[in-house]
Amino acid sequence: MFKVLVSDPISDFGIQQLMDAPDIQVDKNTGLSEDELVAIIGQYDALLVRSQTKVTPRIMEAGTKLRVIGRAGVGVDNIDLQAATQRGIIVINAPDGNTITTCEHAFAMMMAIARHIPQAYEKTIKGIWDRKSFLGVELRNKTLGVLGMGRIGSEVAKRAKAFGMNIIGYDPFMTDERADKLGIKLGSVDDIIRQADFITVHTPLTPETKHMIARPQFEVMKPGMRIINCARGGVIDELALVEAIDRGIVAGAAFDVFEVEPPAPDHPFLSNPNIIVTPHLGASTVEAQENVAIDVSEQVICILRDQPFKNAVNMPPVPADVLNKIQPYFELGEKLGIFVSQLSKGPVVEIIVNYSGELAEVDTQPLTRYIVKGVLQQHLGSNVNVVNSMHLAKVRDINILVQKSNVAKGFTNLITVTLRTNEDERLVAGTLLNGYGERIVQIDKYPVDVAPEGHLLLVKHNDKPGMIGSVGTLLGNNDINIATMQVGRKIVGGSAIMVLSVDRAVPKEVIEQLKTTPQINKAKEIVFQ
Ligand SMILES: NC(=O)c1ccc[n+]([C@@H]2O[C@H](COP(=O)([O-])OP(=O)(O)OC[C@H]3O[C@@H](n4cnc5c(N)ncnc54)[C@H](O)[C@@H]3O)[C@@H](O)[C@H]2O)c1
Ligand SMILES: O=C(O)CC[C@@H](O)C(=O)O
């Protein structure tokens, strides 16, 4: 039974499928301190959070069973990603579920500052009928600058068009083609700063975006402009903004997010009549909370059950068309790694992976992670997974060399893994054969054809008559049933290899007996668990 801890308030409807899963127990325990989490996290396989729980390295260290942290939302700045990657914990998020909701919140904030709605409401309910103080502006014909044209920024731009605004967008990944499609102008940050009547930011908080709007930018803004931040606190320098409002440069600001959340009671925003604030409510709608909770629940179930999943934040994203092509090879890749590492002796120096055939034409990085995982698994056991395999190889100074070639030597695709240790160099190649599944087709220089499963026995011998009989008799005498047998050789009478798949583990003494049999040079068991 897997155990999942939900440590922030997350939609019950959204996590229903987790709660209904027969192999999963869900515990809801919100508002815990770091110490309290450290004390209980050891029993959990998965942790589900929103933005309140800070998932620190200490919590992950105590979470010895933790395989996945699910963030019901987009931003993962409350999760220490580096620590998660080092520990092989998969971090997933739900990037799409709250896009519209947050865009609508940003838009509501923009309209609220254009028409002073919160300030007017406050006076009206106090019985003050003040129609003079709240002269607003129209959105129509105003220039809206959108910094960050990702999911939310693009949706804001679409809505702003419907309001008759002129939009200038900036995003390092924005192409002219996409801008044309959205009917907006592409501009630089500087164009936006100088020309916009309204600016809304929709970037993550990164070293590059931190204080991307600060004193120098406010200096050159259009007097009377308005600014909105429903992305992340810190993208706009808060103190510089207050100063710009005091100097009459900025007429109004709307903030849903703060550099420190919640802001201190004496935070200057909270007493400034031209700044309206909400307590990080961008994603807080029934629909968004259900969407993100459904998304992360589905993925957590997949991860716990070892099924393919999407949206891992600490692994590079793989486009669906690429994934369709390489996913069938994940298990084979891992098995090749397992196989070649059992063949080898000594500390690994280099893993050379060669993809040939159609695989040479796609991004094979995720597949390489499986191969490296297979290689390292022999020594690192369950400490290695596809999230941390490359990292663990790197910290061990293992070089990973990937080569590609269009020619697959008679196969549609061929993966060849060569392991260089400081004692030897061994090679295993495999493919997926239509109707036959995974096959190992080469071991070192010998062509073979064997399925990588269960227990394989490799016997290196001289190509002489009677060898198959003597190996078969020895195994039979020890009650070891042979399921299949393959012999590979390069030249008649030279050295050859016998690969037997057997129904049970081969005891050490039997391996020793094989090794001392005349004409046999080596014997080795390879196990796929
Ligand atoms: N207030 C909330 O409750 C709430 C809810 C959801 C998302 N968010 C936040 O909103 C932001 C946007 O979310 P999203 O889903 O649209 O993310 P996204 O990843 O789809 O878009 C972010 C965009 O910012 C761009 N970007 C990065 N650096 C930039 C730079 N220096 N200048 C301009 N653009 C830059 C990226 O290229 C990307 O296109 C994130 O910070 C997210 O955490 C807040
Ligand atoms: O969980 C929340 O409400 C915050 C959501 C938002 O900031 C996000 O990044 O998805």
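## Exercises on strands, cores and ligand shells

In this predicted model, strand 16 and strand 17 (residues 437-443) run antiparallel and are joined by 6 bridges.

**Exercise 1.** Work out which strands pair with strand 16, and which residues stand opposite one another in these pairs.

*Solution.* Begin with the pair already named, in which Val428 stands opposite Ile443 in strand 17. The hairpin of strand 16 and strand 17 has 3 residues between the strands, and within this hairpin Gly435 takes a positive phi near 85°. Next, turn to strand 15 (residues 413-421), which runs antiparallel to strand 16 (residues 425-433) and is joined to it by 6 bridges. Here Arg420 stands opposite Glu425 in strand 16, and strand 15 and strand 16 form a hairpin with 3 residues between them. Strand 16 is therefore paired with both strand 15 and strand 17, because two strands pair if DSSP finds at least two bridges between them, and 6 bridges are found in each case.

**Exercise 2.** Find which residues touch the most other members of the largest nonpolar core, and follow the contacts of Leu47.

*Solution.* The largest nonpolar core holds 95 residues, of which Val4, Leu47, Leu48, Val300 and Ile415 touch the most other members. Helix 12 (residues 286-304) gives the most to this core, namely 9 residues. Then take Leu47 and leave aside residues up to four places away in sequence: Leu47 touches Leu5, Ser7, Ile41, Val55, Gly63, Leu66 and Ile69.

**Exercise 3.** State how the chain is divided into domains, and how far apart the centres of domain 2 and domain 3 lie.

*Solution.* Reading the bounds in order, domain 1 covers 2-93 + 287-304, domain 2 covers 99-273, domain 3 covers 317-446 and domain 4 covers 453-529. The centres of domain 2 and domain 3, taken over C-alpha atoms, are separated by 49 Å.

**Exercise 4.** Describe the shells around ligand 1 and ligand 2 by their residues and by residue class.

*Solution.* Around ligand 1 there are 31 residues, of which Gly75, Gly148, Gly150, Ile152 and Gly282 come nearest. The elements that give two or more residues to this shell are helix 5 (99-115) and helix 7 (151-162), and helix 7 provides the largest share, 3 residues. By class, the shell around ligand 1 divides into 13 nonpolar, 13 polar and 5 charged residues. Now list the shell around ligand 2, which is made up of Arg50, Ser51, Gly73, Val74, Gly75, Asn98, His280, Gly282, Ala283 and Ser284. Sorted by class, the shell around ligand 2 has 2 nonpolar, 7 polar and 1 charged residues. As a last step, compare the two lists: Gly75 and Gly282 are found in both shells.

How values were computed: Residues numbered from 1 in each chain as written. Chains lettered and ligands numbered in written order. Predicted model: local features only at pLDDT ≥ 70, side-chain atom pairs only at ≥ 80, totals over all residues. Near = placed C-beta within 6 Å. Nonpolar A, V, L, I, M, F, W, Y, C, P; charged D, E, K, R; others polar. Core = buried A, V, L, I, M, F, W, Y, C linked by C-beta atoms within 7 Å. Buried ≥ 20, exposed ≤ 12 C-beta atoms within 10 Å, placed from the backbone. Helix = DSSP H or I, 4+ residues; strand = E, 2+ residues; numbered from the N terminus. Contact = placed C-beta atoms within 7 Å. Domains from an automatic or database assignment.
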